[in-house]
Amino acid sequence: MRRIVFSGFRGTGKTEVGQLVARQMNLPFIDTDALIEERSGRSIPDIFHEEGEERFRAWEREVIATLPADNVVVSTGGGAVIDPVNMEHLRRNSVCVLLTADIETIKQRLLHKPRPPLTHLPLAEEIAEVVYQRRQAYHASADFSLDTTATSPEVAAQHVLQLLNNGVSTPEQRTHALAFFRTGRIPAPALSTLENILTSPSRDPQTRILGIAGYPCAHSLSPRLYNALFRRYQLNYHYTWFEDPELDEILHSAQEIDAKGLSVTIPFKTAIIDQIDEIEEHAAEQIGAVNTVVFSRGSTIGYNTDWLGIRKPLVSKKGKKAVLLGAGGVAAAAVYALTDLDMEVTIINRTPEKAHALAERFGCASATWDAFDQIKPDVVVNATPLGMQPDTQSPLKKEQLNKEMTVFDLVYTPPVTPLVEAARQVGCQTITGTEVFVQQAREQFYIFFGIDVPETVIRELVA
Ligand code: NAP
């Protein structure tokens, strides 16, 4: 049987609820904090006091890495989920339940317990601050979540058992969602997997769904990549296509089956912002596009990982002169990445007004297409679809390139575009669109599951 792992801030009831669930299921119970105390021969406040939080985290990592692989209920320390290595161990062959509670309730529960302080703030402020800092890690640690504010441990344990036995969605919701999937262009074997997950009498209620929202999105590499990663990390998830011209239909179906989240692609990256409750302040808000959505505890949270995928391969080009071709959705993420690397950016676009508007938003320059040769950039980024299959054009002629340039084509079908081909012939350093896909997917997987997948693994899986 899969492990049952409880995560959440201190005082949310992980130990009491975990013990009750273990008793009901006739399984052993392990509290990782208690195991650290047993193995170290000291109390947790003493470890914090004498050797600091870092040493405590090292003990915690060691204990989590050696937990039994199955047939056990585990309660983790409140900060365990911040560490991607812990997440990789905890999530393997497990069903993870996040417990939450409001700040005042946590405060009352903690008042008389000997816990090492995490900050120098008064207790209520400390709880609010640390829960906020860890919010992404907590979302990533949850297959199911439960608010224990107004419930006794006994009632909370009953709720958890119901979640484990039945999941969240009703049979009507799952049947309705299946009808939605049947209208998309999902390959027959994938549709039959969905039928098993959603409506088969022998369905596993703990299997969760993720998918790509787009129209069209049948070409996406994400289902192949994600389903391979689920097998690799033993995650009880299935990744599929939410392909529909109506964003509302997609979101409704995803929420009906309690999907963990969505990768978002053309044409919904901007439109989805209006449907989101909380948007990651720094990138998605400024870029104005969301490519990752997490559904958590009734809320929809939006992120952008495209810009990180563009930034990473260019970190060695800090402060250089760049030309960005295109002013659409992904171009905004590209300008954000380039300006974050202190590059001097000029935007060139078929419709100059759009280049001008984007340049104004980010405080950089715009120019017309025929000005390219005078700019003499160090870095050229193509954010137009020119060269994307079945198109065979390059946005620039070979004569416009020189071997000192770095040419980065965001188009990834085909893997070697006409622009990249021309740049290689000239002797330029080239970066392909696959690289963006690899980097952004890595960041996105981390947002969904808190696991840091090595780049080499993603490259192998999308090759
Ligand atoms: P978009 O919002 O539709 O923007 C397209 C941009 O390209 C616009 O600025 C448009 O100019 C310009 N454009 C379109 N057709 C053109 C043509 N024939 N000649 C010159 N300019 C043209 O699309 P997007 O979401 O930004 O995506 C752009 C490309 O990036 C796509 O090919 C996509 O495959 C690629 N992409 C790659 C990744 C990755 O992971 N590697 C991620 C996202 C996107 P106007 O303003 O004049 O219309």
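**Exercise 1. Determine which residues of helix H11 meet helix H19, and classify the contact and the orientation of the two helices.**

Solution. Ser222, Leu225, Tyr226, Leu229 and Phe230 of H11 are in contact with Phe437, Ala441, Gln444, Phe445, Phe448 and Phe449 of H19, where contact means heavy atoms within 4.5 Å. By class, this contact has nine nonpolar, two polar and no charged residues. Ala, Val, Leu, Ile, Met, Phe, Trp, Tyr, Cys and Pro count as nonpolar, Asp, Glu, Lys and Arg as charged, and the others, Gly among them, as polar.

The structure is a predicted model, in which local features need pLDDT of at least 70 and side-chain atom pairs count only at pLDDT 80 or more, while totals for chains, interfaces and linings use all residues. Residues are numbered from 1 along each chain as its sequence is written, and side-chain values use heavy atoms, with hydrogens and water left out.

Next, consider the geometry. H11 (residues 222-232) and H19 (residues 433-449) pack at an angle of about 50°, with their axes 12 Å apart. Helices (H or I, at least four residues) and strands (E, at least two) are DSSP runs numbered from the N terminus. Axes are lines fitted to C-alpha atoms, for helices over the stretch in contact, and angles run from 0 to 180 degrees between N-to-C directions. H11 and H19 are therefore oblique to each other; angles under 35 degrees count as roughly parallel, over 145 as roughly antiparallel, 65 to 115 as roughly perpendicular and the rest as oblique.

**Exercise 2. Establish how helices H2 and H3 are oriented, and by which residues they meet.**

Solution. The axes of H2 (residues 32-40) and H3 (residues 44-65) come within 10 Å and cross at roughly 110°. H2 is therefore roughly perpendicular to H3. From H2, the residues in contact include Leu35, Ile36 and Arg39; from H3, they include Phe56, Trp59 and Val63. The classes are nine nonpolar, two polar and five charged residues.

**Exercise 3. Carry out the analysis for helices H9 and H10.**

Solution. The axes of H9 (residues 171-183) and H10 (residues 188-199) come within 9 Å and cross at roughly 170°. The two helices are therefore roughly antiparallel to each other. Arg174, Thr175, Leu178, Phe181 and Arg182 in H9 meet Leu191, Leu194, Glu195, Leu198 and Thr199 in H10. Five nonpolar, two polar and three charged residues make up this contact.

**Exercise 4. Describe the surroundings of the ligand and its polar contacts.**

Solution. The ligand is surrounded by 22 residues (a heavy atom within 4 Å), and the closest are Ala327, Val330, Asn349, Thr351 and Leu410. For polar contacts with the ligand, the criterion is a pair of N or O atoms within 3.5 Å. A backbone N or O atom of Gly329 lies 2.9 Å from a ligand oxygen atom. A side-chain N or O atom of Asn349 is 2.7 Å from an oxygen atom of the ligand; for the side chain of Lys354, the corresponding distance is 3.1 Å.

**Exercise 5. Locate the cis peptide bonds at Pro267 and Pro390, and the positive phi at Asn71.**

Solution. Most residues other than glycine have a negative phi, and most peptide bonds are trans. The bond from Ile266 to Pro267 is cis, with omega near 5°, and Pro267 lies in the loop between strands S8 (261-264) and S9 (278-279). The bond from Gln389 to Pro390 is also cis, with omega near 5°; Pro390 is in the loop between strands S15 (379-382) and S16 (406-409). Asn71 has a phi near 50° and lies in the loop between H3 and strand S3 (73-75).

How values were computed. A polar contact is a pair of N or O atoms within 3.5 Å; within protein, one must be able to donate a hydrogen and the other to accept it, and residues adjacent in sequence count only if both atoms are side-chain atoms.
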